[in-house]
Amino acid sequence: MPCEWVGRTLTLWAYTDRIEVTDGERLVATHPRAYGRGETCLELAHYLPALARKPRAATHLAVVPKLPPVYAQVQRVLCSRRPDGYREFAQILLLHREFPAEVITEALEQAASQGLLEPQAVRQLILNRLARPVPEPVPVPDRFAALRVRASDPACYDALLGGNRR
């Protein structure tokens, strides 16, 4: 459940393929139905508001093993480097509030392979992946290629400002 709904009375609807939780008419959460014994479906987005307030929780999140393996690897590395490495790991997880999960995972794998596990480095790798490629320059038609335009002298505009400013 999203952490902001803790302590509230909600209604659970069990369907053959999914579980839905509602607060009256409002859908709070939906998960695929798990039929295996002891199986759980966890969603990182439900933990992010609490993680923003309590970054130490990043060391014990039950959802981390459900994420791609690079997350557990990064968690181990950051938490073993320094006693407060959990803060950096929490900042990386909080990137999920802004960016798609696939892009974060790809950037995190790249960051781990390069040894750049600082949250700012991961963020920059994400931004680099999301940046639009620079379009190819449009070729100049032959009839315009031979034209030469004379550069203007900006000093001629000084008269508009009330005189020569040189």
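**View 1. Asp-23 and Arg-8 join up in a salt bridge.** In this predicted model, the side chains of Asp-23 and Arg-8 come together with an N to O distance of 3.7 Å. The two partners sit in distant parts of the chain, 15 residues apart. Asp-23 belongs to strand S2 (residues 18-23), while Arg-8 is in the segment before strand S1 (11-14). How accessible is Asp-23? Its relative accessible area is 29%, so Asp-23 counts as partly exposed. Arg-8 is partly exposed too, at 48% relative accessibility. If you go hunting through the whole structure for such pairs, you will find eight salt bridges.

**View 2. Arg-18 meets Glu-20.** Here the side chains of Arg-18 and Glu-20 form a salt bridge, with N to O at 2.7 Å. Buried or exposed: which word fits Glu-20? At 16% relative accessibility, Glu-20 is buried, because the cut-off for that label is under 20%. Arg-18, with a relative accessible area of 28%, is partly exposed.

**View 3. Glu-118 reaches across to Arg-81.** This is another salt bridge, and the closest N and O atoms of Glu-118 and Arg-81 are 4.0 Å apart. Once again the pair links distant parts of the chain, this time 37 residues apart. Glu-118 lies in the loop between H4 and helix H5 (119-130), and Arg-81 lies in helix H2. Both ends of the bridge are partly exposed: Glu-118 has a relative accessible area of 32%, and Arg-81 has one of 44%. Back around the pair in View 2, salt bridges with shared partners tie Asp-17, Arg-18 and Glu-20 into one network.

**View 4. Helix H2 has a buried side.** Start with the length of H2, which runs over residues 69-81. Its 13 residues, at 1.5 Å a residue, should span 18 Å, and the end C-alpha atoms are 19 Å apart, so the two values agree. Which residues of H2 are buried? They are Val-70, Tyr-71, Val-74, Gln-75 and Leu-78. These residues cover an arc of only 135 degrees around the axis, which means they lie on the same side of H2. A bit of helix geometry helps here: an α-helix has 3.6 residues a turn, so residues three or four places apart point the same way. What do the buried residues of H2 pack against? Their neighbours are helix H3 (85-94) and helix H4 (101-114). Now look at the face of H2 turned away from the buried side: it carries the exposed residues Pro-69, Arg-76 and Ser-80.

**View 5. Glu-88 and the residues it touches.** Glu-88 is part of helix H3. With a relative accessible area of 14%, Glu-88 is buried. Which residues does Glu-88 touch, leaving aside those up to four places away in sequence? The list is Leu-78, Arg-82, Glu-118 and Pro-119. You have met two of these names already: Leu-78 is among the buried residues of H2, and Glu-118 is the salt-bridge partner of Arg-81.

**View 6. A nonpolar patch on the surface.** Val-140, Phe-144 and Leu-147 make a nonpolar surface patch of about 300 Å². One of them, Phe-144, is in helix H6 (residues 142-145). How accessible is Phe-144? Its relative accessibility is 40%, so Phe-144 counts as partly exposed.

Terms used. Residues numbered from 1 in each chain as written. Predicted model: local features only at pLDDT ≥ 70, side-chain atom pairs only at ≥ 80, totals over all residues. Heavy atoms only, no water. Helix = DSSP H or I, 4+ residues; strand = E, 2+ residues; numbered from the N terminus. Expected span 1.5 Å × (residues − 1). Buried < 20%, exposed > 50% of the residue type's maximum accessible area, 1.4 Å probe, protein only. Arc of directions from axis to C-beta. Contact = heavy atoms within 4.5 Å. Patch = residues over 30% accessible without salt bridge, like charges linked within 9 Å, V, L, I, M, F, W, Y side chains within 5 Å. Areas by Shrake-Rupley, 256 points an atom, 1.4 Å probe, with all protein chains shown as cover.
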